[in-house]
Amino acid sequence: MNLSTLLGILGSLLVFGSVIAFSSQDLDAFLNLPGLGIVVGGTIAATLMSYPFHEVMRVFRAGANAIREERYDASQDLEEIVQVSRYWFSQNLQRIQDRLDQIRNPFLRTGIQLVIDDTPMDDVSDLLNWRMARLRAREQADAQMFRTMATYAPAFGMLGTLIGLINLLLTTESDDFTVIAVNLGIALITTFYGILLANLVFRPIAIKLERRTEERVVLMTMVLEGIMLMRKGRSPGYIRETLRSFMENHSDEIRQAAPTNGDEEPAADSREPDPSNERR
């Protein structure tokens, strides 16, 4: 489990646990199995009606993968591209074939195989771009399913509230306060469960899946650029510096701190020339 997910889970448990512990005289009031069954069961049933069964099973596996620690070592892929480009530049195809079995990135391995098979450059670009688009579409569909579940959960929470209120109306003439309390508990707690699951489980997982997809696409774009440069016959040094610049620029774009003053623009990268100076 990655650090941000772990901190989020611990933080939410601490906040809600503290609030419930200090504001409630009976902690058992927040545990209502019929209400939880209405929300969870209704959400799963609606999701199964909305999507094919195999897609629902796949998305739960994707959700489990989203909360795991997953690091993408772009530097390792960069070094593998540079090493293979050295063999390609010296026309040592046998060394490239031996190196292919050691490459762990299947996208990179496919691109190199296409290059050594003397595949036309346009075909290499089309195939790799198609694989990137397919991955993006599949993983965005998984994230969208969790967003759909995030809309179903509060709706079934309201449905549970209505069920509890209807049953409560039928027991207003009863002297059994236990029956009234059970129905009142279902009426109130199901909305709580629905909002909690939507905003603390389903929607955060969807956002994490979308972020994971973007990181994977950025890495695949870097690999594609390296493959195309190798296919064009660029030198290993040129490929290394180009991909290194790609990684550094991407790092600056996603990690640069926001300006303290909302009216100020971010400072320009010192490596980029000032057009006004060029005109002068």
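Helices are DSSP runs of at least four residues, numbered from the N terminus, and in the predicted model described here one such run, helix 9, spans residues 236–255 and contains both Arg 244 and Glu 241. These two residues are 3 positions apart, about one turn of the helix, and their side chains meet in a salt bridge with an N to O distance of 3.4 Å. Both partners fall into the intermediate class of accessibility, since Arg 244 is partly exposed with a relative accessible area of 34%, and Glu 241 is likewise partly exposed, with a relative accessible area of 42%.

The structure as a whole holds 9 salt bridges, and among them are pairs that join separate helices. The side chain of Asp 142 meets that of Arg 58 in a salt bridge of 2.8 Å, taken from N to O. This pair links distant parts of the chain, with Asp 142 placed in helix 7 (residues 121–170) and Arg 58 in helix 3 (residues 53–66), 84 residues apart. The surroundings of the two partners can be stated from their accessibilities: Asp 142, at 6%, lies under the 20% limit and is therefore buried, whereas Arg 58, with a relative accessible area of 25%, is partly exposed.

A further bridge is formed between Glu 214 and Arg 136, in which the closest N and O atoms are 3.0 Å apart. Because Glu 214 lies in helix 8 and Arg 136 in helix 7, this pair ties together parts that are 78 residues apart in sequence. Glu 214 counts as partly exposed at 32% relative accessibility, and Arg 136 is also partly exposed, with a relative accessible area of 28%. In addition, a network of salt bridges links Glu 139, Arg 212 and Arg 216.

Helix 8, which covers residues 177–231, also contains Thr 190. This residue has a relative accessible area of 0% and is therefore buried. When neighbours within four places in sequence are left aside, the contacts of Thr 190 are made with Gly 35, Ile 38, Val 39, Gly 157, Gly 160 and Thr 161.

Attention is next given to the packing of helices 4, 5 and 6. Two packed helices are described by the angle between their axes and the distance between the axes. For helix 4 (residues 74–89) and helix 5, the angle is about 155 degrees and the axes are 8 Å apart, which makes helix 4 roughly antiparallel to helix 5. The crossing of helix 4 and helix 5 is left-handed. In this contact, Glu 80, Gln 83, Val 84, Tyr 87 and Trp 88 of helix 4 meet Leu 93, Arg 95, Ile 96 and Arg 99 of helix 5, and the participating residues divide by class into 5 nonpolar, 1 polar and 3 charged.

Helix 5 (residues 93–100) also packs with helix 6 (residues 106–116), their axes coming within 11 Å and crossing at roughly 160 degrees. Helix 5 and helix 6 are therefore roughly antiparallel to each other, and helix 5 passes helix 6 in a left-handed crossing. The residues that meet here are Ile 96, Gln 97 and Leu 100 in helix 5 and Arg 109, Ile 112, Gln 113 and Ile 116 in helix 6. By class, the contact of helix 5 with helix 6 has 4 nonpolar, 2 polar and 1 charged residues.

Key. Residues numbered from 1 in each chain as written. Predicted model: local features only at pLDDT ≥ 70, side-chain atom pairs only at ≥ 80, totals over all residues. Heavy atoms only, no water. Buried < 20%, exposed > 50% of the residue type's maximum accessible area, 1.4 Å probe, protein only. Contact = heavy atoms within 4.5 Å. Axes fitted to C-alpha atoms, helices over the stretch in contact; angles between N-to-C directions. Parallel < 35°, antiparallel > 145°, perpendicular 65-115°, else oblique. Left-handed = near helix turned anticlockwise from the far one by under 90°. Nonpolar A, V, L, I, M, F, W, Y, C, P; charged D, E, K, R; others polar. Salt bridge = Lys/Arg side-chain N within 4 Å of Asp/Glu carboxyl O.
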